[in-house]
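Visitor: I would like to go through the contacts in this model and hear the reasoning behind each label. Please start once the structure is on screen.

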Amino acid sequence: MKKLTLILFMMLMTLTVSAQYKIAYYSNEAALRSMPEYQQAQDDIKRLAQQYEKETKRAQEEFNAKYEDFLDEVNNLAPSIRRKRQIELYQAMETNVKFRDEANRLLAQAEKDAVAPLQKRIDETLRLIAAEHSYLLIVNTDSNTCPFISPIIGDDINVILTEALKK
């Protein structure tokens, strides 16, 4: 993927220099973080994560209490009762693990859902900036996929984007 990006970038660089088109670059992560709605979304996700954590902790404490009770009585239980209680403990443990996994999945989905409209707004704003400034290409520099862009052919539009997103 990085090789393809580099080849595409080099081809566009040649085209840009010869045709006097320009490219721009920005950080998507910085753009997201600059939006007040992003902080609100993160706060909502944090509250949801705390609720899941609280429920997970409650279930774990409940399981631990049942397990301790079982250990206190295990030597006095008939074999069939002992097996029944072991099965109950195992099922409770499985339920707790499934809940934790589902909570993690739901949190990831909630974050994705919260960021989607913000990302759409960034994308629309980038299209407007590209049209207004005649940019042929706008590159997201996150993940260090493009560590250097010459200022001769590329403009840093982080400030322009941040200001546009505030409107």
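Guide: What follows is a set of questions on salt bridges, aromatic pairs and a surface patch, asked of a predicted model.

Visitor: Why is the contact between Arg121 and Glu37 called a salt bridge?

Guide: A salt bridge needs a side-chain nitrogen of Lys or Arg within 4 Å of a carboxyl oxygen of Asp or Glu. For Arg121 and Glu37 the N to O distance is 2.8 Å, so the pair qualifies. The pair links distant parts of the chain, with Arg121 in helix α4 (residues 79-133) and Glu37 in helix α3 (residues 36-73), 84 residues apart.

Visitor: What makes Arg121 and Glu37 buried, partly exposed or exposed?

Guide: Buried means under 20% relative accessible area and exposed means over 50%. Arg121 has 21%, so Arg121 is partly exposed. Glu37 has 36% and is therefore partly exposed.

Visitor: What makes Arg85 and Glu73 a salt bridge?

Guide: Their side chains meet at 2.6 Å, N to O, and the limit is 4 Å, so the pair counts. Arg85 lies in helix α4 and Glu73 in helix α3, so this salt bridge ties together parts that are 12 residues apart in sequence. Arg85 has a relative accessible area of 28%, Glu73 one of 34%. Both values fall between 20% and 50%, and therefore both residues are partly exposed.

Visitor: How do you know that Glu163 and Lys166 form a salt bridge?

Guide: The closest N and O atoms of Glu163 and Lys166 are 3.7 Å apart, and the cut-off is 4 Å, so the pair is accepted. Glu163 and Lys166 are 3 residues apart in helix α5 (residues 158-166), which means a separation of about one helical turn. Lys166 is exposed because its relative accessible area of 56% is over 50%. Glu163 has 42% and is therefore partly exposed. Elsewhere, Glu55, Arg58, Glu62 and Lys66 are joined into one network by salt bridges that share partners.

Visitor: How many salt bridges are there in the whole structure?

Guide: The search finds 11.

Visitor: How many aromatic pairs does the search find?

Guide: There are 2 aromatic pairs in the whole structure. In one of them, Tyr52 and Phe99 have a centre to centre distance of 6.0 Å and an angle of 65 degrees between the planes.

Visitor: Why is the pair of Tyr52 and Phe99 called edge-to-face?

Guide: Ring centres must lie within 6.5 Å, and planes over 60 degrees apart count as edge-to-face. With 6.0 Å and 65 degrees, Tyr52 and Phe99 meet both conditions, so the label applies. Tyr52 lies in helix α3 and Phe99 in helix α4, so the pair ties together parts that are 47 residues apart in sequence. Tyr52, at 19%, is buried because the limit is under 20%. Phe99, at 30%, is partly exposed.

Visitor: What makes the pair of Phe63 and Tyr67 stacked, tilted or edge-to-face?

Guide: The ring centres of Phe63 and Tyr67 are 6.2 Å apart, within 6.5 Å, and the planes are at 10 degrees, under 30, so the pair is stacked. Phe63 and Tyr67 both lie in helix α3, 4 residues apart, about one turn of the helix. Phe63 is buried at 14%, whereas Tyr67 is partly exposed at 37%.

Visitor: Which residues make the nonpolar surface patch of about 260 Å²?

Guide: Tyr90, Met93 and Val97 make the patch. Tyr90 is found in helix α4. Patch residues need over 30% relative accessible area, and Tyr90 has 46%, so Tyr90 passes that cut-off while counting as partly exposed.

Notes. Residues are numbered from 1 along each chain as its sequence is written. This is a predicted model: local features need pLDDT of at least 70, side-chain atom pairs count only at pLDDT 80 or more; totals for chains, interfaces and linings use all residues. Side-chain values use heavy atoms; hydrogens and water are left out. Helices (H or I, at least four residues) and strands (E, at least two) are DSSP runs, numbered from the N terminus. Buried means under 20% relative accessible area, exposed over 50%, partly exposed in between (1.4 Å probe, protein chains only). Patches are made of residues with over 30% relative accessible area and no salt bridge: like charges are joined within 9 Å, nonpolar side chains (Val, Leu, Ile, Met, Phe, Trp, Tyr) within 5 Å. Accessible areas come from the Shrake-Rupley method with a 1.4 Å probe; for residues, only the protein chains shown count as cover.
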